[in-house]
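Please look through the structure shown here, moving from its nonpolar interior to a single polar residue and then to an enclosed space.

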Amino acid sequence: MQPIKIFTIKRAISKIKHIGEDKIVVVDESNSVRIFNLTDLKLEGGFKINLPENRVFANSVDISKDGNYLALTIAKKNKVALWNIPQKKLLYTLGWHKGEIESVAFDNERYVATGGTDGRTHLWSLETGKMVGNLAPHSDYVTSIAFSQNSSWCATGSYDKSISITNVSSMQFIHKMRIHSAVVLQLKFLKNFKLISGDKDGNIVISDYSKGRVIKRVPKLTDMVVDIAVDGNEKYMFAATKNTNLFLYDLEEYDLVTSNYIKTSSTITSLEFIPNLMYLIIGTVDGILYIYDILSDEKILDAHIAKKDYEKAYELVQENPLLKNSISYNHLEEIWQNTINKAQILLEKGKKEQAEQLLKPFLGISSKRMFIQSLFKDFAEFEKFKTLVVKKKYPLAYSLANQYPTFKQTAYYKHMEKEFKKAFTMARQLIFDRTKEDYVRKILAPFRGVSEKTPLIQSLYNEKEMYKVLKQKLAKKDFKGFFELVNRNPFLSDLDEYEKAIEFGEKLLNAAENELNHGNYNKVLQYTHILEDFPMYKENAKHLTEKANVLANFMQLIANKEYDKVYEYTKQYHFLEEIDLFRDLEEAWRKKIKEAEQYSAKGDVAHILDSLKHYMKIKEKLPKIGELIKAAYLYQIVSKFKKVNDILLEKAFKNYIKIFGIDFEISDLIDLAKKQKRNINLDNLEEGNRLYWYKNELPNNIFE
């Protein structure tokens, strides 16, 4: 595959970000920012930031989803510079780390997170530039950070080889996953609570972050995971290492498709996929920006199909598996299937040479060649099979069809099956009439000796009543009894009644899923109650029943305005996060939090408590509220640190510790006070707990 455009930037590319409107922002190691328009494939603008070079193979640069903000770590300063990209303006310099900042990441336009060599991860408001929360610490450098697509979850990876998962909406630490044997370098959230994580040794793990368990470890890369990207449907993953090859993985089969999907002239440093355009953007260490149209090969595929060069067409698809999502590939497969059908008809008529000529364009394709060879090998005996069917020597014909399975697709085999079905149906109708027994034997005689039909024929004579019972159970919709009878007598699964039962079950399952989507939970339970008697649908019924019950209870809790229980329930059943009513609740919560963060930035505790008073009864929201109050107190102390006397400063420390206990942030300020030789005595402290901050009397002013 050839790129549709190449840009030479000359300096190593650190970050590429799609910012909507078919634009990307590219940042190089010298902190030059460039904006490219993908519509006309031209450089649209940019600017240079005068800061020390960023680290290309670290997560030291990020760009917000809308392209408004840029975060750059400042080497040796323990700070992050937050820039407004459209205005080309420095907004804030952020930092409360006791070491260099290793990683940065934006959520969907509310926060930027910073992770440091001190093992800490701080959350900062983009609106105020103030710290609004702290995530669970690691025992070593925080090397990677990522937010979920709905911004409710945050994952942090570390040099300690662990991944911490936090619910950002509530600021509750969920769990720590120890699923890697090396430094975690890359994190990417997918839909349905999946997380991709890659480490320094080239291991890539797909996990369920809501449950903290591994789903699959995909085939290992040859070196450290430099960057990962996924296509719009999350069917494929692109992975880069410190070499010039791009690896392609199948995210449905969790397997490596190819280790040489794209080869560049130098080491890949950054990846970005543009779903609406199907563009893959690749940045390299020598400053080359490649733009690939993943489906650009579709035109070549069309040309091969038009020329009937199917060998080259399938070779192209093998080289670029994403073409399987194209209309052209579907057309190619239709041509193959239609050709096979025509060839079989010709073979049935004994026109072997014409069939060979028809299939000749596909002989160069290994997978197709094997099928074609098998087809011709089988049809070498077809005349014999055809003669046996015509002469109604069905036992020998069925035996031959079992030996050569392709015969089962022919008109002669279908005719034979139709004849048996007609004979057996008539026999079932007449078997209870003793005067017709000889006639029944006569119409079934051609099928005696057919191994797969023998049990049915024998049972027709030996267990006449069984058929009546089976039919009655189906009529009464007694599916439990129906399938118990079939289980005891497997040959009954060849009957029309069994097919009708399965067809009914499929319709019932579809109906249950449809009613679930429309919120008709009682209907779902009615349907699943019946489906539980279908062995093949029992698990589906169980899943739908559980989901319907959960949703019904959830809706009842919302109707009753029992919001504390609503959030507890959502914590137990994470799929509820995607329900519209819950999203509405979260949107209202986020608006209130945004308001409270403004107060927190000013150290205004009274207004925080007032604006969030309706949420104080919701246990799941207390950690988030506590973080804002804690931040407000910290900013009160910082703003007056040099102004107040030692007695008041000591009072502030003691008040804070009484409410939240001793944490990293207050420890930093105490250390600063000691360095400045402030007369602070913190002996015999009454230490609180950050989890139970709300049990304390909260002063508006921490110095009170």
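The paragraphs below take up the nonpolar core, the residue N37 and the largest cavity in turn.

The coordinates come from a predicted model. Its largest nonpolar core comprises 172 residues, and those with the most contacts inside this core are F238, L246, F385, I637 and F653. Helix α19, spanning residues 622–640, gives the most to the core, with ten residues. The surroundings of F385 can be followed in detail: leaving aside residues up to four places away in sequence, F385 touches A397, L400, A401, F407, T410, Y412, Y413 and M416.

A polar residue offers another view, since N37, which is found in strand β4 (residues 32–37), counts as buried because its relative accessibility is 14%, under the 20% cut-off. The side chain of N37 reaches the backbone nitrogen of T39 at 2.8 Å, and a polar contact of 3.0 Å joins the side chain of N37 to that of E44. When residues up to four places away in sequence are not counted, N37 touches D22, K23, K42 and E44.

Searching the whole structure for cavities of 30 Å³ or more finds one, and the largest cavity holds about 170 Å³ of space. The largest cavity is lined by 16 residues, of which N167, S170, Y567, T570 and F582 are the closest to its centre. Two or more lining residues come from each of β17 (172–177), α16 (563–572) and α17 (580–601), with α16 giving the most, namely three residues. By character, the lining of the largest cavity divides into four nonpolar, seven polar and five charged residues.

How values were computed
Residues numbered from 1 in each chain as written. Predicted model: local features only at pLDDT ≥ 70, side-chain atom pairs only at ≥ 80, totals over all residues. Heavy atoms only, no water. Core = buried A, V, L, I, M, F, W, Y, C linked by side-chain atoms within 4.5 Å. Buried < 20%, exposed > 50% of the residue type's maximum accessible area, 1.4 Å probe, protein only. Helix = DSSP H or I, 4+ residues; strand = E, 2+ residues; numbered from the N terminus. Contact = heavy atoms within 4.5 Å. Polar contact = N/O pair within 3.5 Å; in protein donor to acceptor, adjacent residues only side chain to side chain. 1 Å grid on protein atoms, 1.4 Å probe; cavity = no way out; pocket = protein on both sides within 12 Å on 5 of 7 lines; lining within 4 Å. Points joined across faces, edges and corners; volume = space filled by probe spheres on them. Nonpolar A, V, L, I, M, F, W, Y, C, P; charged D, E, K, R; others polar.
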